[in-house]
Amino acid sequence: MKSKQKKWYDYLWIMSLLYLLLGFFNILFAWLGLICFVVPLLISIWKGNKGYCNHYCGRGQLFALLGNKLKLSRQRNIPAFLRSNWFRYGFLTFFLIMFGNMLFSTYLVFSELRSLNEVVTLMWTIKLPWNWAYQGTRVIPGVAQFAFGFYSLMLTSTLLGMVTMVLFRPRSWCVYCPMGTMTQAVCKIKHKN
Amino acid sequence: MSIQKRKRYASIDKKECVACGSCIKICPLAAITVPKGIHAEVNRNQCIGCGKCLKSCPASVIEIVDEVMHKEDISYEKQTKKVV
Ligand code: SF4
Ligand code: SF4
Ligand code: SF4
């Protein structure tokens with residue numbers, strides 16, 4: 001029997017955890033989250049596979065760890081509608097619209113039409129004061145605004161992933177994760193012929 | 001004379017698979033791959049039907065089937081049965 005050796009990328013969950021912690025102390029670290037957006041897409045476009053999800057994604061690993069090792073998951077089947085195409089693509093669309101909305105807010109702050117809003121918004125509605133994580137004038141306000149917006153998205157998706165990790169299987173988030181859906185769609189298009 | 005061959009393996013509902021790769025990580029025999037990023041595929045020669053992948057699949061699209069082959073004279077009759 002071939003025994004499975006841990007590879008370097010099996011520890012990337014530490015990065016995901018570190019990311020959330022760093023954003024708590026300094027919001028500008030939120031920019032690093034762009035890696036989790038760009039790398040999966042580039043892999044799917046260039047290589048035509050989901051190498052990121054299948055091997056490197058720290059977030060998937062983190063949920064697996066919490067659900068399996070820490071036994072936080074109820075290990076139940078996910079309701080069928082959550083894995084249906086309309087829900088997965090619907091959630092992706094919603095996510096992209098909210099992403100666009102966040103970019104627009106960033107643009108407004110960049111062009112000084114609006115002042116910097118030092119809040120992290122959970123679930124696109126609950127505003128949490130987060131002003132300790134940004135000490136003023138080191139960067140232009142637009143750069144900080146993007147960081148607040150991006151961190152909000154990352155924290156919201158982590159929270160949603162945690163809830164479905166507990167309710168269903170550890171990696172339930174992967175069923176409706178916008179990056180997972182998007183990279184699978186890219187692969188489908190790429191391998192159409 | 002009837003010769004019986006049994007094989008137990010994981011079977012994936014390819015239409016519903018989200019290609020996340022949780023099954024790849026858990027399979028002790030490296031019997032699963034997601035070659036084109038669209039759905040997982042099981043190498044039946046390697047799979048022993050242990051069911052670990054089934055328990056880890058967040059989309060619940062894996063089942064374990066038992067394949068029984070009867071050899072009646074010269075023809076094989078294949079029966080598959082879902083066991084989990
Ligand atoms: S589906 Fe999302 S969370 Fe899951 S492995 Fe892929 S990118 Fe990571
Ligand atoms: S764990 Fe399930 S959904 Fe994910 S790739 Fe394997 S069979 Fe597909
Ligand atoms: S049943 Fe066991 S051996 Fe077969 S693919 Fe699943 S985990 Fe691997």
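The following exercises, with worked solutions, concern surface and pocket features of a predicted model.

**Exercise 1.** Determine whether Phe25(A) is buried or exposed, and place this residue in its surroundings.

*Solution.*
Step 1. Locate the residue: Phe25(A) belongs to helix H1 of chain A, which covers residues 13-25.
Step 2. Apply the cut-off: a residue counts as exposed when its relative accessible area is over 50%.
Step 3. The relative accessible area of Phe25(A) is 58%, so Phe25(A) is exposed.
Step 4. Consider the surroundings: Phe25(A) forms a nonpolar surface patch with Met15(A), Leu18(A), Leu21(A), Phe24(A) and Trp132(A). Together these residues have about 630 Å² of accessible area.

**Exercise 2.** Describe the volume and lining of the largest pocket.

*Solution.*
Step 1. The largest pocket holds about 920 Å³ of space.
Step 2. Its lining comprises 30 residues, and those closest to the centre are Lys4(A), Lys6(A), Asp10(A), Lys25(B) and Ile26(B).
Step 3. Two or more lining residues come from each of H3 (51-56) and H4 (58-69) in chain A, and from each of H1 (22-26) and H2 (52-56) in chain B.
Step 4. H4(A) supplies the largest share, five residues.
Step 5. Sorted by class, the lining has 13 nonpolar, eight polar and nine charged residues.

**Exercise 3.** Characterise the second largest pocket in the same manner.

*Solution.*
Step 1. The space in the second largest pocket is about 720 Å³.
Step 2. Among its 37 lining residues, Ser16(A), Cys36(A), Tyr52(A), Arg59(A) and Met154(A) lie nearest the centre.
Step 3. H1(A) contributes the most to this lining, with six residues.
Step 4. The class division is 27 nonpolar, seven polar and three charged residues.

Methods
Residues are numbered from 1 along each chain as its sequence is written. Chains are lettered from A and ligands numbered from 1 in the order in which they are written. This is a predicted model: local features need pLDDT of at least 70, side-chain atom pairs count only at pLDDT 80 or more; totals for chains, interfaces and linings use all residues. Side-chain values use heavy atoms; hydrogens and water are left out. Patches are made of residues with over 30% relative accessible area and no salt bridge: like charges are joined within 9 Å, nonpolar side chains (Val, Leu, Ile, Met, Phe, Trp, Tyr) within 5 Å. Accessible areas come from the Shrake-Rupley method with a 1.4 Å probe; for residues, only the protein chains shown count as cover. A salt bridge is a side-chain nitrogen of Lys or Arg within 4 Å of a carboxyl oxygen of Asp or Glu. Helices (H or I, at least four residues) and strands (E, at least two) are DSSP runs, numbered from the N terminus. Buried means under 20% relative accessible area, exposed over 50%, partly exposed in between (1.4 Å probe, protein chains only). On a 1 Å grid over the protein atoms alone, a cavity is a set of points where a 1.4 Å probe fits but cannot get out, and a pocket is an open set with protein on both sides within 12 Å along at least five of seven lines; lining residues have an atom within 4 Å of a point. Grid points are joined across faces, edges and corners, and a volume is the space filled by probe spheres set on the points. Ala, Val, Leu, Ile, Met, Phe, Trp, Tyr, Cys and Pro count as nonpolar, Asp, Glu, Lys and Arg as charged, and the others, Gly among them, as polar.
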